[in-house]
Amino acid sequence: VLPITNSADLPRKQVLFLTQVVRQEGINSLSGDSFQILTQENLEALLPPGKTLADCIDQCAIKTGKNLKAHYVITGQLQKAMQSYRLTLGLYGTRSGRYLEGLTVAASDILELEAEIKRRGRALYAALQTDAEGSRFALGGSGAIVVETKPPEPVVMTKQLQEQEFVAFTSAPSGAEVRVDGHSVCRTPCQ
């Protein structure tokens, strides 16, 4: 997860907490087997030399997403104005380099920010899901990498079988359903 940029001078632990709240909202919003969110450690290994995750906002985040073959990235900036905090999240398309969606939440303290993220954060992930229709990879969750694993289109094969023939089925990833005459017979790999 790319950390939220901290212009509010909050303690590091509180900013990491807010980053995790945004990330968890992504996990909740993108639940099921369709998405996988990678760890912060995985992201750090892929950064350009001399860059930290905190440096990766806007163009750097988009470039990181492209390097990971991801389609989307979500970044966050935390600011303090008067007696309130403002967290601005942005969803960017890595292929197009375009800003796609944003969300700003404001509150007087960290716990109120948490509640606002939980209340309104799904809208950002809904935009990601809508835009990701038909794509294979996405990046979300305040910079968390999300890999979309939509099932492939069915492959139809026809062959006149001899009396007895041996047939083996494999797929990547495994687990594809094999149907014969409309009936499910196994999941790959199978014979």
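Here are four short exercises on this predicted model, each with a worked solution.

Residues are numbered from 1 along each chain as its sequence is written. Local features need pLDDT of at least 70 and side-chain atom pairs count only at pLDDT 80 or more, while totals for chains, interfaces and linings use all residues; side-chain values use heavy atoms, with hydrogens and water left out.

**Exercise 1. Find out how many helices and strands the protein chain has, and in which order they run.**

Step 1: Helices (H or I, at least four residues) and strands (E, at least two) are DSSP runs, numbered from the N terminus.
Step 2: Counting them gives five helices and nine strands.
Step 3: Reading from the N terminus, you get β-α-β-α-α-β-β-β-α-α-β-β-β-β.

**Exercise 2. Work out which strands form the edges of the open sheet of four strands.**

Step 1: Two strands pair if DSSP finds at least two bridges between them.
Step 2: With that rule, the strand order is 1-3-4-5, and the pairing is mixed.
Step 3: Strand 1 (5–6) and strand 5 (99–107) each pair on one side only, which makes them the edges.
Step 4: Look at one end: strand 1 runs parallel to strand 3 (residues 72–81), and two bridges join them. Asparagine 6 has leucine 78 of strand 3 as its bridge partner.

**Exercise 3. Trace the largest nonpolar core and the side of helix 5 that is buried.**

Step 1: Buried means under 20% relative accessible area, exposed over 50% and partly exposed in between (1.4 Å probe, protein chains only). A nonpolar core is a set of buried Ala, Val, Leu, Ile, Met, Phe, Trp, Tyr and Cys residues joined through side-chain atoms within 4.5 Å.
Step 2: The core has 25 residues, and Leu78, Leu87 and Leu113 touch the most other members. Elements giving two or more residues to this core include helix 1 (12–29), strand 4 (84–93) and helix 4 (110–120).
Step 3: In helix 5 (residues 122–131), Leu124, Tyr125, Ala127 and Leu128 are buried. They sit on the same side of the helix because their arc around the axis is only 150°, taken from the directions from the helix axis to the C-beta atoms.

**Exercise 4. Decide whether arginine 86 is buried, partly exposed or exposed, and list what it touches.**

Step 1: Locate arginine 86 in strand 4.
Step 2: Its relative accessible area is 39%, so arginine 86 is partly exposed.
Step 3: Contact means heavy atoms within 4.5 Å. Leaving out residues up to four places away in sequence, arginine 86 touches Gln77, Leu78, Gln79, Thr104, Val105 and Ala106.
Step 4: Take valine 105: its C-alpha is 5.8 Å from that of arginine 86, although the two are 19 residues apart in sequence.
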